[in-house]
Every structure is written in C-alpha cells, then in structure tokens.
Amino acid sequence: SYFLRHARSRNYVSESEVCKLESVPLDFGDYHPLKPITVTESKTKKMNRKGSTSSTSSSSSSSLMDPLSSVLDGTDPLSLFAAAADPVTAAPPTDGARRKRDKDESSAVGSDFEPWSSKRGEILARYTTTEKLSINLYMGSEKGKATTTGSAVSEKVRTRLEELDDLEEGSQKELLNLTQQDYMNRIEELNQSLKDAWSSDQKVKALKIVIQCSKLLSDTTVIQFYPSKFVLITDILDTFGKLVYERILSMCVDNRVPLPDNFSPECVNDTAKETCLNWFFKIASIRELIPRFYVEAAILKCNKFLSKMGISECLPRLTSMIRGIGDPLVAVYARAYLCRVGMEVAPQLKESLNKNFFDFLLTFKQIHGDTVQNQLVVQCVEIPLYLTLYSPAIDWILQCIAYHAPDVLLTEMMERCKKLGNNALLLNSVMSAFRAEFIAARSMDFIGMIKECDESGFPKHLLFRSLGLNLALADPPENDRLQILNEAWKVITKLKNPQDYINCAEVWVEYTCRHFTKREVNTVLADVIKHMTPDRAFEDAYPQLQSIIQKVITYIHDFALLFSVEKFLPFLDMFQKESVRVEVCKCIMESFIKHQQESTKDPVILNALLHICKTMHDSVNALTLEDEKRMLAALINGFIKMVSFGRDFEQQLSFYVEARSMFCNLEPVLVQLIHSVNQLAMETRRVMKGNHSRKTAAFVRACVAFCFITIPSLSSIFTRLNLYLHSGQVALANQCLSQADAFFKAAVSLVPEVPKMISIDGKMRPSDAFLLEFLCNFFSTLLVVPDHPEQGVLFLVRGLLNVIQDYTWEDNSDDKVRIYTNVLHLLSAMTQEAFIYHVDKVDSNDTLYGGDSKFLAEINKLSETVVSQILDHLKTLGKEETLKRQSQLALYFFNTILAHGDLRNNRLNQLSVNLWNLAQKHGFADTKTMVKTLEYIKRQSKQPEMSHFTDLALRLPLQSRT
Amino acid sequence: MGTSLDVRVKRAGKVYRDGEVLSGVVVITSKDTVQHQGISLTMEGSVNLQLSAKNVGVFEAFCNTAKPIQIINSTIEMVKPGKLPSGKTEIPFEFPLQMKGNKVLYETYHGVFVNIQYTLRCDMRRSLLAKDLTKTCEFIVHSLSQKGKLLPSPVDFTITPETLQNVKERASLPKFLIRGHLNSTNCVITQPLTGELVVESAEAAVKSIELQLVRVETCGCAEGYARDATEIQNIQIADGDVCRGLPIPIHMVFPRLFTCPTLETTNFKVEFEVNIVVLLHDDHLITENFPLKLCRM
C-alpha cells in the first residue's frame, strides 16, 4: 500500500529564532566545564579534606555545588597525589636515592657533576684492541706458604688458613688468546661468580675473586686496552664494595629498624663492627700492592661503621700508597679510582683529590722515562697514542677537583701544569675538565700553549678539539673571537688525516656559527668540503658531517640566509649514502617547520627545499615503512603549507603542479595539495568577492581541473570520496556547475566500489559507519546542487539512490534503511519554498523550479518509493531475533515523520501512530525515550499551528514494561 | 645427633683481659629431654712449645716436644646431675679470668714453634649408655696495657751497595741509593708500622719493594735453646719501577693472632723483626733488617 507523503512546510528563519539557545551571561567565577582546569598543587591535605566534607555534608546549603567543581576549586586528585608523593620522593627507601641524599647533605655533589657512569661507555668504545688478551688467575697461588706453618698451629686456624688459600684448589688458570669480546665476557663471568659466591655465603671466595680481578690491573700488556680494562674491573670492585657495605649495614638492623642514613659509629653494634674490622684486617694482609689498594678503596665507605674520622684518615693514606705503583699509567688510573670512590663517599674531602693530582704531577716525568719507553717499543705503541690513554683518568681527576672549585685553585692547577715540560696531555685534560667559562676566558693563552707543544707528543688536533668544545659552551672575550678562530683554523686546516681533521672541524663549526656571519660559516664549510672530498673521505665521516649540519641549522634559523651560504648545498652533496642523506634532509625540514615563522616565496629557499624534499621523497620505495612515509609526508606537507606567493595565484598554482609531479609517491602530500588548491580557489573567490572575471573564472576552473585529475590517483577510497565531495563543493561555490556535477557523478559512481572492510591503522574494520557518514554529508550537499538542464529532475539524487539500492549491504544491517530515512529529510527539505541554505550566486532547485507542481510530484513519487522500501524492510524484521532492531527502526522513522511530516494528513498521522505502537509492541522500546518523546510532542502542541499534536499525543499510548 | 652442645661468649671479638669476667651462654638443643650427670665448664690456657727439627734431632723433635706450660686451668660446675627439658636450653655463665699468685697471663699468639691459646670447654657427662658431650670455644686474651709511655724510637736508614753485608761481588752490583726512616721500632701492636722510603737513585729498574714481617721464636729447654725466624706476612709497598726521589709510604698493619707484644720468659721468647726487601730487575735482592719491639698500650 502506498502512503502519500506530505512534507511539513517549514519557515526556517522563525524556527531558528525559536530554537536558538538562550544566551546566558556567564559569571567568570562560575564553574564551567570548559573552564581551563588549573591544577594547583595542594600543600596540605587538611585543606582538601575540608573541601570534600563541605561538598558531601552541606548538600542543603549549596545545592548548586557540583561534585566535580568542588574538586577543581581546591585540589584535584592528581595534584593531591603529587603532594603526598613529595615527601616520598625526598626519601625513597632505595639505596641509590639514599646515597643521593647523603650527597645532598654534604652539599658537594649535585646533578651538575657528570657521573662516572656517563664516562664508562665512552671509554669502552674508544679504547679497543684487536690484539689477543690474557687473563691470569691464581686462585691457589699461596698454597706453598700455608704448608710452611708448622703443625703446632691450632687445627682450626690452619683449616681457616687453608680455606683462604685453597678454596678453589688448582684453579690457577691462565686464559690466553682471548679476543676483546671474549675478555669482556670473561670479566662479566667473574662479576657474576662474585655475586654467586656472595649470595651462597662464600665470602672468602668472593674476596679472592676480587683480589684476582684487581691484580689484572697491574698487567699492562696490550696497553691500548688498559682504560677499558680499568672500566670493566672497577665495575666488579664497585659491586664488591656495595655488597660488603650492604651486608654490614644489614647486620646493624636493630629490632627491624634499619640505621638512619647518616648514622654515627656509636649506633653500630659490636658484631657488625667486628665483621667490618675483619674485612679490613683481611685486606691489609693482601700481599700485593695493587690488589690491596683497589680492594681497600672499594670498601672505603665501610669506614663509616668504625669511626667518624675513618674515611678522612684513610683517603690520604691510600693516596700516598699509590706512590708505590711504578707504572705511571697504572698509577694514574688507581688515582682516578680513588677520586671516584672519594667523590662518592666523601665529596667534602677535597684535599685528597688535589693531593692525588699533585702526586701525579710529581711522577709526570716518569712517562718519558726509560722504563716506559722500553715498554712502548716492545708493544709497538706510538707515543701520541700512549699519551691519549691517560686522558680518561686525568680528565676524571681534574673534573673531581674542578667541581665547584674556586677560580684561584684552577689557576694554580693550570700554572703547575704549565711549568712541566711536554704538558700537552695535561693541557688537554685541563680543558676537558675545567669549567668552560674558565677556559673560554683564557682562550688566547691556551692557543699559545698549544702552539708551543711538542709535535711528537700528545696529538694537537685533540687539543684544539678540546678547546673548541669549551668555546661551544662558553664565550671568549669579544675582542679575541676572530683571532681565536683564525689561529685555530690555521692549525686545523693543516691536519692531514681526514678523521683527525673532521673531528676537530666538527667542534669548531659550532663556535663559528655562534659568533660569526655567513661569510665565515661559508669559509669553514668550504674548507671541510675541500678536505673531505679527496678519496671520498666523507664516507667515513658521516656522523661528524651530520653533526656539522645539525650545528649550522641550530644557529641559523633564517633559511634565506642559510641557503645563501654558497657552500651549504654543495656540503649536502657529500652525503652520498641515501639513508644518511635522508636523515640530514629530515633534520633540515624539521628545523624549517619549527623556525620558519612566515610563509615564503623566496626562490632560493623554494629551490633548495624542493630539492631537499625531492631527496626525501625519492627515498621512498616499496620497502619503506608506513611510519617513515607518514613522517616524510608530514615534513613535506609542512613545507608546502609555508609556501605562499601572495596575490600571485597563478604562480601558486604552478608551484602546486610542480609539487604534484615531484611528490607523486606520497599520498598524504597529494591530499595536502588538493586541499591547498581548493583553498586557493576559495581564496580567489574571496578576493573577487564572489564575482569572477573571465580570467579568474578560467583560473578557478584550472584549480578544479587540478583536483579532478589528481583525486583518481589516490588509493584510499574514502579519501577519494571525501575529496570529490569537498572539491565539488568548492567548484559549486565558484559557480563551476558542470565541474561540480562531474565531481558528484564521480563520487556517485565510486560508491559501489566501497569495500565492506577497510584497513585502519593496520586493522580491518567494517566500513559501514564511514559510508553512512559520507552519504549523509553527500545528501546534504545535493540539496543545493541545481539540476542539470539536460538530465532529468533530481538526476544526482536518483543516481545515488540507485547506487544505494544496488550496493550489497551487510546482511542483517539496517544501514540502507537508515539512509532511506535520511533521504526523507532531504526530500522534505526539497519541497520547501526556500531551501534552508544556498550557495551564494548559485540558483538551487527552489529558484529553478519555483515550486513547480511537477517538480513536487517527482519528489512525492520518490518519497513514496522510499517510504515503501522502509515499510517493507520493517516487515521483514518481524522475526523473533530482529524485533529489537524493528523497534529501533520504527522509532527512528517515527521521529523522522514527527520532524518533517505534516501530521495533519490523516494517513500520515495514522502511520505515525502505527509506528509508535510497533516500536513498543514487543517491549524493546526504551521507556525513558518514549516518555521524553511524548513530552516533546506535548510541548510542541502549545506552539501555533501545531495544535494537532495534542490529538496525536492522545493517540499515543505509553506502554509500561512489565 | 640427638643432642648438641654449644658455648658462646658474649663479646663479638671474643677478646678478654686479665681480671675481666667472661660471660656467655651454654646452649643445649635436643629433641628429647636430656638425662645427664652434670655439666661443667673448664677454662684452660697453655703455652705449647715445639722444637724445630733444625736444632734437635728428628726423634727429639717429636718426643722432646716440651710439655705444655699451663697458664690457667679452672673448672666450675654449672648444672648438677639431672634432666634438661627438650628444645633449646640456654644456661648463662660468668667466669672470672683471674691469675693466681704472680703468674702472668700471656697474650694469645699463634706462631710456628710457640702457641699460646685459651679455650673454654664445656663437658656434659652422661650415663654409661650415652657418650659424654664436649664443646670447646677459643677465646682471645689481650694483655693489659703496659704502664708508662712508649718512647718512640725512630730509625733512619740508607742503603747503598756499600752498606750491604754478605755481598760476593760488590763490583757487579748496580749503583743505587735508597733512603728512608721508620717512625718507630717500638710499636703499639694495634697501630700500624709506619715510615717512608725514597729511592733516590737506582741504575737498575726496581721490580718490587716489600715489607717482610718476621717472628723470632726461641724455645729453651734442658739441652739448650732453639731460635727460629719465620715469615708471618709479606706486604708489597712498591710495585714496578717507582718514581725516583718520591717518598713511598711504609705502612703495615700487624695481623691479629699471629702477633703479640714481644714476650720474654724463662722458657721461651717471641720477638718480631721487619725486613725491607728491595728487588731489582736483574734479580738482585737487597734486604735491610730492623728488630721491633711490640707492646700493647
């Protein structure tokens, strides 16, 4: 059966008047959900408690109080938590933090002290060897001596002695021919077996392992590996020191209350003291000097258990003990370890640090003595290489000394170093360890000293590098700046070895960028190119070259200036490995997007950046990861958005055309280009105030054509659909009617291709929700699209309806019917005398047909078809399992009729009553919704011309669910 | 094992002095009740002397082991015969450490030929069917501080090829000059031996410098006396070719148990010496000997 559909005629203007929200003046202090939430850290819990009680108990007094606002006006749970957590963070029970607090209390070592842990990796990476190493462990070496003790020794003592010596009888092992990696693994094994021995209560074995390990530090064969060996073995010592300390600390636990952080020795019980003392006696009897020193230094902290002055007495003794170490390299590392332990345990004891350095200076001459020289000859190690082995240790000692030290001390240290001959090594360490400001202020002095240094000694390029590092951090006096650069670069440019050169140049580029103009930067870049190009030396220096680029773009944010540095682009040409080149391009683009404030049309910038973007784009291939593509596209899009030729729209368009041909492999870029072109068309319209001249009309059509031919190259179907729609709207707005039609037709013909499932973020999802959304959007646009004179009435709407009809919808989904219902909204809007909205300067169907009865009849016919489809569908839902859907759909349809239908028409009125009943029939209707709907009808009935709603309301029974 | 016996003294270090009271507990653990014929505690202290094979014949070395010299021996009855309940029983005790007459309480010392040891022995006598239980526990005796002030006796030394004795070919020796001092040869046993050593010059490279602590034990008996010097410990103070002209610290802690205040009695003597041993790279060994006098303050 057919129902004649009567659309209610609407007066949109008056309706909107009625429906507009009443604007309520808002008191600024009032609570508002959109009011920015300012989290104020609560200092006291009390305040919050007060707040919460008032909000719960005083409901009578403040009924307006919002439970949320009561939280917001005072403290929110997060900041409350943060406040509560504050005292916790100040004293968490972990050992690390405790140690940190200890330090804070002694007010010496803060976070500005670069810790050892940050040096370790650097040393391990730098001091490597390809030579074979050996580990020599004599676990039972002193066995012979133990047997000399006569039989008169009491049995117990003897067994104890033997235990000490022979815990691992016959475990003397010599591991030869180890590669560096093997060696490191062995040491790690030892570290592990130390922990195992300790946890299985074999304290003596643990001690032996540590002694044997520290003995390895007296071995200087394969000397170039020594710094790394030191790092590895002192790790073990640190572990040991920690284990002993924690063990003794755990013995002090009295009634389950651990000792306070800064306990005094009086609080330590006798057993703990005795144990501690035992450790010290045991260590004092270690025969060899180097293990005895290292092991005692490792447990230096344990002195705290015995006496207040323990550490301050021990440190000087250990310091002078090092004088007995003959090998200067071994000795200086021993000093570094002592300083490291000292800084950790008692940073306030600065005297020992200084003493260590002065002692080192006293023995400095040994480095050039015969013993050392002979050793180097045997090992075939050059002096400059040998000297660099000292750097980590001296750097560390000086860093400890220089930490918060007054300038006077630093000056004194420097003077002392100056006095020694052949002091480049010291000079270098002074520069790496002392404050940058201190060094920078004396730059010219340092350059002078560096120049005087012996060529055959410590490598000069390292000295200049160290100086450069300081100058990157602190500024030298204004007047010296140029001279410093000249002097330094004079030396740097003479460096023969490309690696030495680039390591140095890398550092000085920063200084140059910081203080000088593009001319100097250009000179420096040119020099780098000149040095790195022969023999393709740049291939081994990508990290340094990259860092040079980084530094240049950190300091030069003005891209016009940057690209006017002539050598900048040639410099980029040195990055010939694609991955590196793309990395560099990315950096540059990131910096551009971050720092470019205004859009630009500077041809220099555009050319350069197009070139860079092209490089990035061309790196994309089938193997490129999605993420990488997204990132590249985002960077290119950022660039495209920053390009503007102002009023020169044609130039702008031709830029977009060029960009399209350049970046055709990155879809997001194409999408961006389409949006940009659409925006350009709209901009043109705005400039012409809607009245296109012949020229602008042609231009706009060119824009539209651009979009029309670009969209099909995209792969994502919804992107295409939305862009068609969007571009069609733009075309319509620019009075390009036939072009708009073409877009809409393309969209219509694309709909059948929408797959049921689409991939979103790598997951397959049903596409229906997206399609529904798109179609509703599409229909809304179609309201204002005028009919084509050569096509039939409502050509596009019919076309779309046919497509929807033929589309294979998911079984058991009501999407099709929902769309049909929405089409009814459109059709009712079309019957109005004046449409709800228009496109400026485009005559829509309301004007074209002027309410022609034939037109209305067409619409009615369409409506009938649609309504009958809906009703058919409702009938098919009569089965048990689909009753709920039936109820929902019926109500949806009912609401549509209520909103858009003219209910004075009896048949329509009857239909709505039937739908109402159908919705409630099987008890699936939501009572609340039904009540609300009824209330709405009653409210509406009070409006003029809506009195028939009163009758309607009477005919709509409410079913209470049982 | 049904029943176990343990003796524990209170002090963690187990160190006691003349006139003090040893206190502690005897701990008996058993699953069942323990029937016993009395528990007693015995304090024993003795000097064991052994003659080295070097000075007397091998046979005598075994036979002629001098009788142990008893210093102290006293017993107290802790528990009268009876029963002890099952589980853990702790019986506290206090035992005065007191010498009778004008006998001297020597300090605990573990040497090669002389041993001075103190023990606390707990005996639980049981009926014929069960074995008697015994447990001993060593405790350590420190002598009382010596009266009077210790006079420091610093020693300066210079070692050159010329100062050496027992040299066969003085001409083949490399030239060297080593100077130094010990802060005192009169040492407090709890304080380290200290001093300084400077290698002023040495033609050959130095390999190692060590401090050798030596005990000199003398045992007298009817046939005469035996005197033996043996090493206690060897502490390296320099490793490798040390810097010339830079003072190197001499520092040695006296090991516990293996050292005691220098002791001289009618039957035996315990004395200590230190050797400074310089080892040169061509395996020349230079030794300088210093007798020490140890005391407890």
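Me: Are A:Trp198 and A:Trp279 buried or exposed?

Reply: In this predicted model, both A:Trp198 and A:Trp279 are buried. The term requires a relative accessible area under 20%.

Me: Why is the aromatic pair of A:Trp198 and A:Trp279 called stacked?

Reply: The ring centres of A:Trp198 and A:Trp279 are 5.9 Å apart and the planes make an angle of 20°. Centres within 6.5 Å make a pair, and planes under 30 degrees apart count as stacked, so both conditions are met.

Me: What makes the pair a tie between parts of chain A?

Reply: A:Trp198 belongs to helix H9 (residues 180–199) and A:Trp279 to helix H12 (residues 270–284), so the pair links parts that lie 81 residues apart in sequence.

Me: Why is the aromatic pair of A:Tyr294 and A:Tyr337 called tilted?

Reply: For A:Tyr294 and A:Tyr337 the centre-to-centre distance is 5.4 Å and the angle between the planes is 45°. Stacked needs under 30 degrees and edge-to-face needs over 60; 45° meets neither condition, so the pair is tilted. A:Tyr294 lies in helix H13 (residues 289–298) and A:Tyr337 in helix H16 (residues 328–345), so this pair ties together parts 43 residues apart in sequence. A:Tyr294 and A:Tyr337 are buried.

Me: Which residues form one aromatic cluster with A:Tyr294 and A:Tyr337?

Reply: The cluster also holds A:Trp116, A:Tyr226, A:Phe230, A:Phe293, A:Tyr333 and A:Trp396. Over all chains, the structure has 45 aromatic pairs.

Me: How do you know that H40(A) and H42(A) are roughly parallel?

Reply: Helix H40 (residues 768–782) and helix H42 (residues 815–830), of chain A, pack at about 10°, with axes 10 Å apart. Angles under 35 degrees count as roughly parallel, and therefore H40(A) and H42(A) are given that name. The crossing of H40(A) past H42(A) is right-handed.

Me: Which residues make the contact of H40(A) with H42(A), and what is their character?

Reply: H40(A) contributes A:Asp768, A:Leu772, A:Leu775, A:Cys776, A:Phe779 and A:Leu782, while H42(A) contributes A:Asp815, A:Ile819, A:Asn822, A:Val823, A:Leu826 and A:Met830. Of these residues, 9 are nonpolar, 1 is polar and 2 are charged. Asp counts as charged, so A:Asp768 and A:Asp815 are the charged ones.

Me: What makes up chain B, and how much of chain B is buried?

Reply: Chain B has 1 helix and 21 strands. Of its 297 residues, 49% are buried. Among chain B contacts between residues at least 6 apart in sequence, 71% join residues at least 24 apart.

Key:
Residues numbered from 1 in each chain as written. Chains lettered and ligands numbered in written order. Predicted model: local features only at pLDDT ≥ 70, side-chain atom pairs only at ≥ 80, totals over all residues. Heavy atoms only, no water. Axes fitted to C-alpha atoms, helices over the stretch in contact; angles between N-to-C directions. Helix = DSSP H or I, 4+ residues; strand = E, 2+ residues; numbered from the N terminus. Parallel < 35°, antiparallel > 145°, perpendicular 65-115°, else oblique. Left-handed = near helix turned anticlockwise from the far one by under 90°. Contact = heavy atoms within 4.5 Å. Phe/Tyr/Trp six-rings, centres within 6.5 Å; stacked < 30°, edge-to-face > 60°. Buried < 20%, exposed > 50% of the residue type's maximum accessible area, 1.4 Å probe, protein only.
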